[in-house]
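This report walks through one protein model, starting at a ligand site and moving out through the fold. Keep the sequence and the 3D view open while reading.

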Amino acid sequence: MSTDTLDTLGPEGLPHMDNPSLPYLRGERIPHIWCPGCGIGTTVNCFTRALGEAVSDLDKVAIVSGIGCTGRVAGYMNLDSFHTTHGRAIPFAAGLKLARPEMKVVVYSGDGDLFAIGGNHFVHAARRNMDLMVVCVNNFTYGMTGGQLAPTTPEGASQTTMPFGNFEKPMSLPFLADAAGASFVARWTVFHVRQLTRTLREALGKQGFRFIEILAPCPTLFLRRNRLGDGVDMVRVYKERSKIRDGADTKDVDLGMDGDIIVGKFVDRERPTWLQSMNAHYQQVFGERYRPWGGVREQD
Ligand SMILES: Cc1ncc(C[n+]2csc(CCOP(=O)(O)OP(=O)(O)O)c2C)c(N)n1
Ligand code: SF4
C-alpha cells in the first residue's frame, strides 16, 4: 500500500492537519507494521498527545527502542530516535542522557525486550535513578518472534514455547520497578487513553527513573492462541477487570488470566538522579576543583 492511499493524507496529498498526532510521526514511514487490533498504536497516539502537551521543543526529546513490535515505535516518531539492539535500549539511552543531559530521553519497548534479555539493565537503571522515562507495552508475549513465553506471561496462558499452559510465576513489572528504586511507577491499559495520556504527560515533566507499564492486546499471537477474541474484546476485558487504585502497594498489583487489573499511579517519590548524586559526591570530594557535569557542552 502506498502512503497516498492512507486516510492520514488529505485531498492535496497533505496530512489532515486536524489529526493532532501527525506532527509527531514520520509520515514517510507509514503504513506501519502492526497487525489490525494491535494495542501498540493506541499507546503511540497517547504518547503523541502527551508530547504535544508537555514538550515545547521536540529537538530536546529523544526516543530509544529495543527490538520487537513495540521496538518499532522509535522509527515512527518524528523525534531523534534510535532503534537499538535487543535488550539494550536502556544502556543506550543512559549513555545518551549522560552525554546530553539537557535532553529528555524516553525508552519505549516491549516486555520481552525490557524484562527478559534487558532485565538487568532495567534493574540497575532504576536503582541508580537514571533520568529516563521508560514506557513498556506489555502484551504478555514476544510478539515479533511468534508468541514465545515472556517473563510477564500470566500463569495458565498458552504460548508457543509453553503449549500446555504456563506454570512459571510471572514478573510484576510495577513491583520490580518500585523495589529497584524507580521514582515514578504507573500502569494503565489501552482502554484508559485519557488517564494514560495524563500520566505520560506528567512523567515527561518529571526527573528520575520513571516507569509506565501499558497493557495492550496482541491479537495475532497472545489472544488467538488463548482464545480471547480480538483487540476490541480485550479492551472490553480491560474495562471490566480494571480497578483504579492510585497509591496501591505494588506488591498487590500482580496480574493473572482472571481477576482484577489494578491500574493507576503507584509510586511518585523524590530521589536525586544519578547525575545529581555524582555531581554532589565529587563536589564534596574535590571541592572547587570539580566542574559539575550537566549542561550543554561548550562546542554545542
Ligand atoms: C540478541 C537477540 N536475541 C533474540 C532476538 C529475537 N527477538 C526479537 S524481538 C524479540 C522479543 C520481542 O518481544 P517484546 O519485547 O515483548 O516485544 P513485542 O514484539 O511483543 O512488542 C526477540 C526474542 C534478537 N533480535 N536479538
Ligand atoms: S504480532 Fe502482536 S504485538 Fe506484534 S504487531 Fe501483531 S498484534 Fe501487535
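Strand 3 (104-110), helix 4 (111-117) and strand 5 (141-142) each give at least two residues to the shell around ligand 1. Helices (H or I, at least four residues) and strands (E, at least two) are DSSP runs, numbered from the N terminus. Helix 4 makes the largest contribution to this shell, with three residues. The shell has 18 residues, and G68, G110, G112, D113 and G143 come nearest to ligand 1. A residue counts as near a molecule or strand if its C-beta atom, placed from the backbone, lies within 6 Å of it.

The model is predicted: local features need pLDDT of at least 70, side-chain atom pairs count only at pLDDT 80 or more, and totals for chains, interfaces and linings use all residues. Residues are numbered from 1 along each chain as its sequence is written, while chains are lettered from A and ligands numbered from 1 in the order in which they are written.

**Two ligand shells**

Ligand 2 has its own set of neighbours: W34, C35, C38, I40, C69, N139, G143, M144, C218, P219, T220 and L221. Here helix 8 (219-225) supplies the largest share, three residues. The table sets out both shells by class. Ala, Val, Leu, Ile, Met, Phe, Trp, Tyr, Cys and Pro count as nonpolar, Asp, Glu, Lys and Arg as charged, and the others, Gly among them, as polar.

| Shell | Nonpolar | Polar | Charged |
|---|---|---|---|
| Ligand 1 | six residues | ten residues | two residues |
| Ligand 2 | nine residues | three residues | no residues |

**Confidence**

pLDDT is the predictor's confidence in each residue, from 0 to 100. The chain averages 93, and 92% of its residues reach 70 or more. Among its elements, strand 8 (residues 210-215) has the highest mean pLDDT, 99, and helix 10 (residues 274-286) the lowest, 96. Over residues 1-6 the value stays under 50, and the model has nine contacts there beyond four places in sequence. A contact means two C-beta atoms, placed from the backbone, within 7 Å. Where pLDDT is low, the predicted coordinates should not be read in detail.

**Strand 1**

Strand 1 (residues 61-65) is largely enclosed by the rest of the structure, because five of its five residues are buried. Buried means 20 or more other C-beta atoms within 10 Å of a residue's own, exposed means 12 or fewer, and partly exposed lies in between, with C-beta atoms placed from the backbone. V61, I63 and S65 point one way, A62 and V64 the other.

Which strands flank strand 1? Strand 3 pairs with strand 1 in the parallel sense over four bridges, and V61 stands opposite K104. Strand 2 (residues 80-83) also pairs with strand 1 in the parallel sense over four bridges, with S65 opposite H83. Pairing requires at least two DSSP bridges between two strands.

**Strand 10 and its partners**

Strand 10 is mostly covered, with six of its eight residues buried. Strand 7 runs antiparallel to strand 10, joined by four bridges; A186 faces K265 across this pair. Strand 9 runs parallel to strand 10 over three bridges, and S242 stands opposite I261.

**Two helices with a buried face**

In helix 9 (residues 231-241), G231, M234, V235 and Y238 are buried. Seen down the helix axis, they fall within an arc of 105°, so they line one face of helix 9. The arc is that of the directions from the helix axis to the C-beta atoms. The face turned away carries the exposed residues V232, R236, K239 and E240. The buried residues of helix 9 pack against elements including strand 7 (184-189), strand 9 (242-244) and strand 10 (261-268).

Helix 6 (residues 173-180) has L173, P174, A177 and D178 buried. These fall within an arc of 130° seen down the axis, so they too line one face. Their packing partners include helix 4, helix 5 (119-128) and strand 4 (133-138). G181 follows helix 6, with a positive phi near 120°.

**A buried loop residue**

F209 sits in the loop between helix 7 (193-204) and strand 8. Is F209 buried or exposed? F209 is buried, with 28 other C-beta atoms within 10 Å. Not counting residues up to four places away in sequence, F209 touches A125, A126, N129, M130, L132, A182 and S183.
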